[in-house]
2 protein chains.
Amino acid sequence: MPPRLTKLADSLPATVPFIGPETLERDRGTAFRARLGANENIFGPSPQALQAMREADAEIWKYGDAPSHDLRHALAAHHGVGFDNIVIGEGIDGLLGYVTRLMVEPGDTVVTSAGAYPTFNYHVNGYGGTLSMVPYADDKEDLPSLIARANETDAKLVYIANPDNPMGSYWTGAEIAAALDDLSDGCLLVLDEAYFETAPLDATLPLPVEDPRVIRLRTFSKAYGMAGARIGYAIGAAPIINAFEKIRHHFGMNRSAQAGALAALQDQQHLAWVIDAVAAARDEIGRIARDNGLTPLPSATNFVTVDLGADGDLSRALVASLAKQGVFIRMPFVAPQDRCVRISCGRPEDLAVLEKVLPSALAEARASLA
Amino acid sequence: MPPRLTKLADSLPATVPFIGPETLERDRGTAFRARLGANENIFGPSPQALQAMREADAEIWKYGDAPSHDLRHALAAHHGVGFDNIVIGEGIDGLLGYVTRLMVEPGDTVVTSAGAYPTFNYHVNGYGGTLSMVPYADDKEDLPSLIARANETDAKLVYIANPDNPMGSYWTGAEIAAALDDLSDGCLLVLDEAYFETAPLDATLPLPVEDPRVIRLRTFSKAYGMAGARIGYAIGAAPIINAFEKIRHHFGMNRSAQAGALAALQDQQHLAWVIDAVAAARDEIGRIARDNGLTPLPSATNFVTVDLGADGDLSRALVASLAKQGVFIRMPFVAPQDRCVRISCGRPEDLAVLEKVLPSALAEARASLA
């Protein structure tokens, strides 16, 4: 007899939300020359974070500190909130899993944008929730329609990434706060702020942390340059933050990553340098795009979404032809956003590779569709 | 309105399976002089693993490889099984969470021993399963009674740690294989082999990997000395291993930990050295116990369970009085096993601290009960 999975688990496909670059590299047999597809931060973490990880590696025989006490305290101080308003988790992916598990069971509806973060959808499906998808409007997540849909469907959760992935657009915090006033009681806004640090200042949500209508998710994977460390955190009202203690993996945090994140947080000078480097890279990607007759969209993130002016077929062909030439990028999944490709910020040497191969890759992509 | 948790999540307590040593240290205001309570491996990982982690830290800006391809292949080769028979996860804790989520929902019964690993119970409760607890017999998990109870209750899962924590005892693999012949179809044995590397060779389960009745869990946290890295793996038949792809956090692995675990696996010479060091430490703990009139139990693990010859009150008092003197140990939760304390193997200098303070700690513990 095969294992007796739950009815829900039995119904789920074996799937991965998206394919990682190492898998693509194994398939093609060589490494990419420019890794510009996973919205990682090639500028890397603070040297102090690296040093802290190296030192902590020597104590890797110890389990991590279950409450991530020092990091949690430092983040509370950094954000001017209480210890009870912060929970540390295994990246935003891990935290999205926890919040979904806490609130979603078969029969529950969750609202998100069609083409938004696939890993959130993976979690909602994985806990048996029903996804209700709202199209993007003008290449932004359609905030008013998301709220309306949540109200219509009595949704438990509504998800918005601000700034947005994969389009790079954003809403001001004031706009989100105003929209929340229209959200029905009993729906929680999951505000994924993975790209917050590279956004304009007015993306800041002007609401007290104890506002029970929203939980914010932050990460050390993007601007802090530690994607491989798996450290994220949630900021929210104490009752929802405390609920994570019911189900989280208390001893699930990597000990060196805890130390590295704390050191990274304490080096705001490095973060400022990264934010400048990201801004310069956005400009450079924009220039390269325009030089090739393409249209870069405004970006509040560490990537630039570039409008190819055609449709998903051309985008898919360009992703493939760039990969053949050693440049890893990705693209939005859903039309009409799939007329674009998404290029992560890179160092000057990474973008030089992009600039060199883009004209021929674009020609090849167009020729393949002719 | 508070967040609308699922009925199950609402019913769960905010709890932690056990208290970590850093939390105890913060409470007492100073660090422990000897950390002998968490069954960590103070002898530490292979220097090659440390070197691999240091090198990988420089690329911590990259997400980890989603399938942990290289480590998974190396483990498959190491165990002489297929790639499809291995899944890497965030420690055994993480893998126990996944297997529970795959198979347990409200209404399902899971069988384990009263006083066995609390984190497994945390997961079962967290997914709404009903725990059916079988008492230890002669300080061993009661294998025949566990199987019988699983059959009586139509259990989905039956959990055995072999070797066992917290008693340090073990069953031979042949005994477990024979017991499996009595297990009803449709119940999966979750065989937690966290302490396997320090056990006698006859603990090896003599069954083909495709046997659908059992899933084995291994870890880099114990003999490999990397508890803080959060790397474990499951070995089993392809259908159950493949089911993890439905729900696991594909990008949840720490990148440096992946590299470190691979290097640790490749340094079997260091592992052999650790196993010898652990054996010597077990002997030394046994000697210290006997010198104090106590009875060390035989151990197949990296800790020694010491019978104080009284009851749980004395054990609790000794844990407290040792902690006051800077020695961190733990003890079994459930009577009559709670007549014992559990002392993790340490270096000679750690055990020297234990030897020095044990007589007075024991006297203080006994006096406190007089």
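Helix H4 of chain B, residues 69-79, lies across strands S2, S7 and S8 of chain B and runs at about 130 degrees to S2(B), where axes are lines fitted to C-alpha atoms, for helices over the stretch in contact, and angles run from 0 to 180 degrees between N-to-C directions. Contact here means heavy atoms within 4.5 Å, and helices (H or I, at least four residues) and strands (E, at least two) are DSSP runs, numbered from the N terminus.

Please keep in mind that this is a predicted model, in which local features need pLDDT of at least 70 and side-chain atom pairs count only at pLDDT 80 or more, while totals for chains, interfaces and linings use all residues. Residues are numbered from 1 along each chain as its sequence is written, and side-chain values use heavy atoms, with hydrogens and water left out.

Now the sheet beneath that topic: in chain B, seven strands form an open, mixed sheet in the order S2-S8-S7-S6-S5-S3-S4, with two strands counted as paired if DSSP finds at least two bridges between them. Its edge strands are S2 (86-89) and S4 (130-134), each pairing on one side only. Strands S7 (214-219) and S8 (232-236) of chain B pair in the antiparallel sense over five bridges, and B:Arg218 has B:Tyr233 in S8(B) as its bridge partner.

Turning to chain A, eight of the nine residues of helix H6 (118-126) are buried, meaning under 20% relative accessible area (1.4 Å probe, protein chains only). The buried residues of H6(A) pack against several elements of chain A, including helix H1 (7-11), together with helix H5 (91-103) of chain B.

Technical notes:
Chains lettered and ligands numbered in written order. Buried < 20%, exposed > 50% of the residue type's maximum accessible area, 1.4 Å probe, protein only.
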